[in-house]
Amino acid sequence: MDYALKLFDQMPQRDVFAWNTLIRGYSNLGPFQEAIILYKDMHFRGFLPDNYTFPFVLRSCSVLSALREGRELHCNIIKYGFESDVFVQSSLITLYAQSRETLDSELLFEQMRFLIDEDKDLDLVKKYVSKEAELLHLQSSKDSDIKSVDTSGMSLFRAVALDRTLRI
């Protein structure tokens, strides 16, 4: 990432794609805090985020359990009109689930009804999330010192979203 940052710093003109590329690198490879810092810097310099920016930054917030920053991003998502993007919604659900904010996660999931048209897909995801929530509740009541939540199942949201995108 050091080399990528050097190239980025040498760019005479940057665009949102360049910012997203660097943010994505940090959200995948770390240090994750750098993705959040870059997002804030991008915003400060007058570049508006797009629907690709938010999932990367939200992923870093999830990994870092940075709920406050994630909530700020959620406000920006609404402000810039990306609340109906399925991938952004999926990333928000993952953030809130990872942060054990189950009510927020469930509310966002319910909003996805309007984004996913097929009842079959929605029922499948709903059953999976319900089962995960039950397991999480049982596990957390047995051991209150759990530091992280396995959200690997949240990739199911992405799979459903991708499947819907490919059918259009």
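This report walks through helix H6, an annotated repeat, the salt bridges and the aromatic pairs of a predicted model.

Residues are numbered from 1 along each chain as its sequence is written, and side-chain values use heavy atoms, with hydrogens and water left out. Since the model is predicted, local features need pLDDT of at least 70 and side-chain atom pairs count only at pLDDT 80 or more, while totals for chains, interfaces and linings use all residues.

## Helix H6

Let us start with H6, which covers residues 86–98. Helices here are DSSP runs of H or I with at least four residues, and strands are runs of E with at least two, numbered from the N terminus. H6 has 13 residues and reaches 18 Å from its first C-alpha to its last, close to the 18 Å expected at 1.5 Å a residue. That expected span is 1.5 Å times one less than the number of residues.

How much of H6 is buried? Twelve of its 13 residues are, so H6 is largely enclosed by the rest of the structure. Buried means under 20% relative accessible area, exposed means over 50%, and partly exposed lies in between (1.4 Å probe, protein chains only). Among the buried residues of H6 are Val-86, Val-88, Leu-92, Ile-93, Leu-95 and Tyr-96, and polar ones such as Gln-89, Ser-90, Thr-94 and Gln-98 are buried too.

The ends of H6 have their own details. At the N-terminal end, Asp-85 acts as a cap, with a side-chain oxygen 2.9 Å from the backbone nitrogen of Phe-87. After the helix comes Arg-100, whose phi is positive, near 60°.

## The annotated repeat

The UniProt record, an unreviewed entry, carries the annotation "repeat: PPR" for residues 15–49. UniProt positions are given in the numbering used here, feature names are shortened, and annotations may be inferred rather than shown by experiment. In the model, the end C-alpha atoms of residues 15–49 lie 10 Å apart, and the span is 77% helix and 0% strand.

Glu-34 has its place in helix H3 (residues 32–44). With a relative accessible area of 29%, Glu-34 is partly exposed. Glu-34 and Val-57 are 23 residues apart in sequence, yet their C-alpha atoms are 9.5 Å apart in space.

## Salt bridges

Side chains of opposite charge can pair when their charged atoms come close. The structure holds six salt bridges, each being a side-chain nitrogen of Lys or Arg within 4 Å of a carboxyl oxygen of Asp or Glu. The table gives some of them.

| Salt bridge | N to O distance |
|---|---|
| Arg-14 and Asp-9 | 3.6 Å |
| Glu-72 and Arg-68 | 3.0 Å |
| Arg-71 and Asp-104 | 3.1 Å |

For the pair of Arg-14 and Asp-9, Arg-14 is partly exposed at 21% relative accessibility, and Asp-9 is partly exposed at 49%. Arg-14 also lies over the face of Phe-8, at 4.2 Å from the ring centre. A charge sits over a ring if NZ of Lys or CZ of Arg is within 6 Å of the ring centre and within 35 degrees of the ring normal.

Glu-72 and Arg-68 both lie in helix H5 (residues 67–79), four residues apart, about one turn of the helix. An α-helix has 3.6 residues a turn, so residues three or four places apart point the same way. Arg-68, Glu-69 and Glu-72 are linked in a network of salt bridges. Arg-68 is exposed at a relative accessible area of 54%, whereas Glu-72 is partly exposed at 35%.

Returning to Arg-71 and Asp-104, their side chains meet in a salt bridge. Arg-71 lies in helix H5 and Asp-104 in helix H7 (residues 102–111), so the pair ties together parts that are 33 residues apart in sequence.

## Aromatic pairs

Rings of Phe, Tyr and Trp (its six-membered ring) pair if their centres lie within 6.5 Å; planes under 30 degrees apart count as stacked, over 60 as edge-to-face and the rest as tilted. By this rule the model has four aromatic pairs. The rings of Tyr-39 and Phe-54 have centres 6.0 Å apart and planes at 55°, so this pair is tilted. Tyr-39 lies in helix H3 and Phe-54 in helix H4 (residues 53–64), so the pair ties together parts that are 15 residues apart in sequence. Tyr-39 is buried at 6% relative accessibility, and Phe-54 is buried at 0%.

Phe-54 also forms a tilted pair with Phe-82, at 5.7 Å centre to centre and 50° between the planes. This pair links distant parts of the chain, with Phe-54 in helix H4 and Phe-82 in the loop between H5 and H6, 28 residues apart. Phe-82 is buried, with a relative accessible area of 18%.

Elsewhere, ring pairs link Phe-8, Trp-19 and Phe-47 into a cluster.

Key. Polar contact = N/O pair within 3.5 Å; in protein donor to acceptor, adjacent residues only side chain to side chain.
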